[in-house]
Structures are given as C-alpha cells and as structure tokens.
Amino acid sequence: MNNQQTFNSFSEFYPYYLEEHSDVTCRRLHFVGSLLVLIVALWALTTGKLLWLLALPVIGYGFAWVGHFKFEKNRPATFKYPLYSLMGDWVMFRDMLIGRIRF
C-alpha cells in the first residue's frame with residue numbers, strides 16, 4: 001500500500017514541507033547548510049577550483065539530514081519528493097532570511 005501524499009504543485013507541497021521542519025534546530029541546520037552551499041559555490045566559481053562543486057550536495061544535505069535524524073526525528077522529504085524538497089529548501093532559506101519564518 002502506498003501512503004505517500006500526492007501534491008499537484010509546489011504551493012500545495014510547501015505547507016507539508018514546513019510541517020516537516022517544525023524543530024528550530026533542524027531549520028537552523030538547513031539554513032547553515034544552504035548558506036555554506038552558496039559560499040562554497042561562489043568561492044569555487046571565482047577561484048576556478050571547480051572540483052569543490054562536487055562537495056555541494058554533501059554540504060547541503062549533510063547539515064539538513066543531521067537536523068532531521070537527530071532533532072526533527074523524521075525522514076527528510078528529499079527521499080519522497082526530491083524536486084519539491086530542493087525547492088522547499090531554498091524557499092525556506094529565503095523565508096528565514098526575510099523573517100517570514102522564525103530562525
């Protein structure tokens with residue numbers, strides 16, 4: 001039996017995504033991971049050390065997954081909804097930056 005929810009759009013998915021990130025430490029780890037991804041990507045592109053781009057998924061998902069498994073106590077949404085989850089990471093990052101979501 002398949003108990004996976006179906007979402008017809010990202011706007012339907014995002015409230016579910018936020019529920020899966022209710023723990024403040026988990027959200028903070030997501031934020032740090034996303035910020036480091038941006039910093040390392042910019043550094044790699046400006047210095048020409050492009051091999052560092054391969055580390056981006058490890059950096060981003062590493063922080064996020066620690067947040068889920070240790071603090072949120074759930075499985076990351078990435079496992080079920082990879083594209084929407086990636087989009088959610090960046091929308092939540094923006095929402096935390098502008099104060100829409102508590103940091």
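This section describes the largest pocket, the largest cavity and two buried residues of a predicted model.

The largest pocket holds about 180 Å³ of space. Helix H2 (24–47), helix H3 (56–72) and helix H4 (82–97) are the elements that each give two or more residues to its lining. The largest share, 5 residues, is contributed by H3. The lining is made up of His30, Gly33, Ser34, Val37, Leu56, Pro57, Gly60, Tyr61, Ala64, Leu86, Asp89 and Trp90. By residue class, the lining of this pocket comprises 7 nonpolar, 4 polar and 1 charged residues.

A search of the whole structure for cavities of 30 Å³ or more returned 1. The volume of the largest cavity is about 40 Å³. Its lining consists of His21, His30, Tyr61, Ala64, Trp65, His68, Pro76, Ala77, Thr78, Ser85 and Asp89. At least two of these lining residues are supplied by each of H3 and H4, and the largest share, 4 residues, comes from H3. The lining of the cavity divides into 5 nonpolar, 5 polar and 1 charged residues. His30, Tyr61, Ala64 and Asp89 appear both in the lining of the largest pocket and in that of the largest cavity.

His30, which belongs to helix H2, was examined further. Its relative accessible area is 6%, and His30 is therefore classed as buried, the cut-off being under 20%. Beyond its neighbours within four places in sequence, His30 is in contact with Tyr17, His21, Ala64, His68, Asp89 and Met92. Among these contacts, His21, Ala64, His68 and Asp89 also line the largest cavity. The C-alpha atom of His30 lies 7.7 Å from that of Phe93, although the two residues are 63 residues apart along the chain.

A second buried residue, Glu72, is located in helix H3. Glu72 has no salt bridge. The nearest side chain of opposite charge is that of Arg27, at a distance of 6.2 Å, whereas a salt bridge is defined by a separation within 4 Å. With residues up to four places away in sequence left out, Glu72 touches Glu19, Glu20, His21, Ser22, Asp23, Cys26 and Gly67. Three of the residues touched, Glu19, Glu20 and Asp23, count as negative, as does Glu72. His21 is also among the residues in contact with His30, and His21 contributes to the lining of the largest cavity.

Key: Residues numbered from 1 in each chain as written. Predicted model: local features only at pLDDT ≥ 70, side-chain atom pairs only at ≥ 80, totals over all residues. Heavy atoms only, no water. 1 Å grid on protein atoms, 1.4 Å probe; cavity = no way out; pocket = protein on both sides within 12 Å on 5 of 7 lines; lining within 4 Å. Points joined across faces, edges and corners; volume = space filled by probe spheres on them. Nonpolar A, V, L, I, M, F, W, Y, C, P; charged D, E, K, R; others polar. Buried < 20%, exposed > 50% of the residue type's maximum accessible area, 1.4 Å probe, protein only. Contact = heavy atoms within 4.5 Å.
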